[in-house]
Amino acid sequence: MSEDTGNWCLIESDPGVFTGLIKGIGVNGVQVEEIYSIDRETLEDLKPVHGLIFLFKWEGRDPAAALGSTAPIEYENQDVFFAQQVITNACATQAILSILLNSPTIDLGEELTNFKSFVSDFPAELKGHAISNSDLVRSVHNSFSRSDPFVNEMHDPSSKEKEDLFHFIAYTPVNGNLYELDGLQEGPRNHGPCPGDSWLDKVGPIIQARMAQYAGGEIRFNLMAVVDDRIKVYEEKQKSYEAQLTTLQEKEGPEAGSWLKGEIENLKQDITKEEEKRLKQQRENKLRRHNFVPLIYELLKGLAQEGKLEGLVEEGRTRAKAELESARQRKAAAAAAAAGGGGLASEDMDMYDD
């Protein structure tokens, strides 16, 4: 493995980042949506759902053993694309690929289609090395690196404080069975039959059981779904409703179909909202890459020259103390709430992997 192979950066757990990553590797017609509940109604609104990406705190143990899971690992199942993770910081990208490369309906694009064909007979470890050596996947992954020149300088290698590590895994149906795909395991874990889309009912309790293994104060979980392009979904529904409306009005006159007219207007609004969301995500992705240090330096320099910097620093310290106290109170409240049942945290966080 070349030295450059190891240069995989940390990227944020964010649906805009993951959608951009998917598009960057040439996959068409899908996007990533963050979800805050795993009830059937929430997932029903997003159908078709190709898979779920779950982020949790990694504690250096076999998660299935901790859960007392009876779901077996399938070591020699050639029908499931499974790659072991052999490079750090790549767990989110591997979770995404695990869903994409196991879907029979997603348009993978030329590059990923050729990649899947090339590695189809590889064992899991070699598949992992193939991903880590893919110039396309690595370069797109690294294109979402934050421009932060202080990351390395601020890290104290002698610090005894343990840094929390986070890990991504995927859940997706393959050939009528629900699989858990975790690159740190030896193979795909089969959670049993799930005909049709019944896997959406099956996966919820599995994720909730995993969350329940953590202490009550742990709320740092994140769940995202790989779904069809929402604009295309809305446009297809709009076209169908418009055809129904035309047929109805031809029979009953131009005043007929008030319900269909309302649904068409709602879909137009949904399309507009989705377009605005995508523009926001594109802007945020650009900001993540931008280096703001020169701007900050000039601002601080100007404030110092005007004699305003010292007062603002003191004000900032006072505000920081107040925010720390507020955060402490929120954490205590969250711990109390979590004691009564698991929940998903929607906060953005970097992904870390062992």
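## The β3–β4 loop and Asn175

Asn175 sits in the loop that connects β3 (165–174) to β4 (177–181). In this predicted model, the phi angle of Asn175 is near 50°, a positive value in a residue other than glycine. Most residues other than glycine have a negative phi, and most peptide bonds are trans. Asn175 counts as exposed because its relative accessibility is 61%, where the cut-off for exposed is over 50%.

## Other backbone exceptions

A second positive phi belongs to Asn89, also a residue other than glycine, with a value near 70°. Asn89 lies in the loop between α3 and α4. Is Asn89 buried or exposed? With a relative accessible area of 15%, Asn89 is buried, since buried means under 20%.

The peptide bond between Lys47 and Pro48 is cis, with omega at about 0°. Pro48 belongs to the loop between α2 (40–46) and β2 (49–58).

## Overall composition

The chain has 354 residues, and 41% of them are buried. Its secondary structure consists of 13 helices and 6 strands. The accessible surface comes to about 19,500 Å², with carbon and sulfur atoms contributing 51% of that area.

Of the contacts between residues at least 6 apart in sequence, 78% join residues at least 24 apart.

## The sheet

In what order do the 6 strands of the open sheet stand? The order is β1-β6-β2-β3-β4-β5, and the pairing is antiparallel. The edges are taken by β1 (30–34) and β5 (189–193); each has a single partner strand, so one side of each is left without a neighbour in the sheet. From one strand to the next, the twist averages 20°.

Strands of a sheet pair through backbone hydrogen bonds, either parallel or antiparallel. Edge strand β1 is joined to β6 (residues 222–228) by 5 bridges, and the two run antiparallel. Within this pair, Val30 stands opposite Asp228 in β6.

## Val80 and Gln94

Val80 is located in the loop between α3 (63–67) and α4 (91–100). Val80 counts as buried because its relative accessibility is 5%. Leaving aside residues up to four places away in sequence, Val80 touches Asn102, Val174, Tyr179, Leu181 and Pro188. The C-alpha atom of Val80 is 9.8 Å from that of Ser103, a residue 23 places away along the chain.

Gln94 belongs to helix α4 and is buried, with a relative accessible area of 6%. What does the side chain of Gln94 reach at 3.3 Å? The partner is the backbone oxygen of Ala83. Ala83 is also among the residues that Gln94 touches, not counting those up to four places away in sequence; the others are Gln84, Gln85, Val86, Ile131 and Gly183.

## Salt bridges

Side chains of opposite charge can pair when their charged atoms come close. The structure holds 16 salt bridges. One of them pairs Lys277 with Glu33, with the closest N and O atoms 2.4 Å apart. This pair links distant parts of the chain, Lys277 being in helix α11 (residues 258–289) and Glu33 in strand β1, 244 residues apart. Lys277 is partly exposed at a relative accessible area of 25%, whereas Glu33, at 14%, counts as buried. Both residues belong to a network of salt bridges that also includes Asp229, Glu274 and Arg278.

Another salt bridge lies within a helix. Arg319 pairs with Glu315, and their closest N and O atoms are 2.9 Å apart. Both residues are in helix α13 (residues 309–338), 4 residues apart, which is about one turn of the helix. Arg319 counts as partly exposed at 48% relative accessibility, and Glu315 counts as partly exposed at 42%. Lys308 and Glu306 also form a salt bridge, with the closest N and O atoms 3.3 Å apart. Here Lys308 is partly exposed at 47% relative accessibility, while Glu306 is exposed, with a relative accessible area of 53%. The two residues fall on either side of the 50% cut-off, so they carry different labels.

Conventions:
Residues numbered from 1 in each chain as written. Predicted model: local features only at pLDDT ≥ 70, side-chain atom pairs only at ≥ 80, totals over all residues. Heavy atoms only, no water. Buried < 20%, exposed > 50% of the residue type's maximum accessible area, 1.4 Å probe, protein only. Contact = heavy atoms within 4.5 Å. Polar contact = N/O pair within 3.5 Å; in protein donor to acceptor, adjacent residues only side chain to side chain. Pairing = 2+ DSSP bridges. Axes fitted to C-alpha atoms, helices over the stretch in contact; angles between N-to-C directions. Salt bridge = Lys/Arg side-chain N within 4 Å of Asp/Glu carboxyl O. Areas by Shrake-Rupley, 256 points an atom, 1.4 Å probe, with all protein chains shown as cover.
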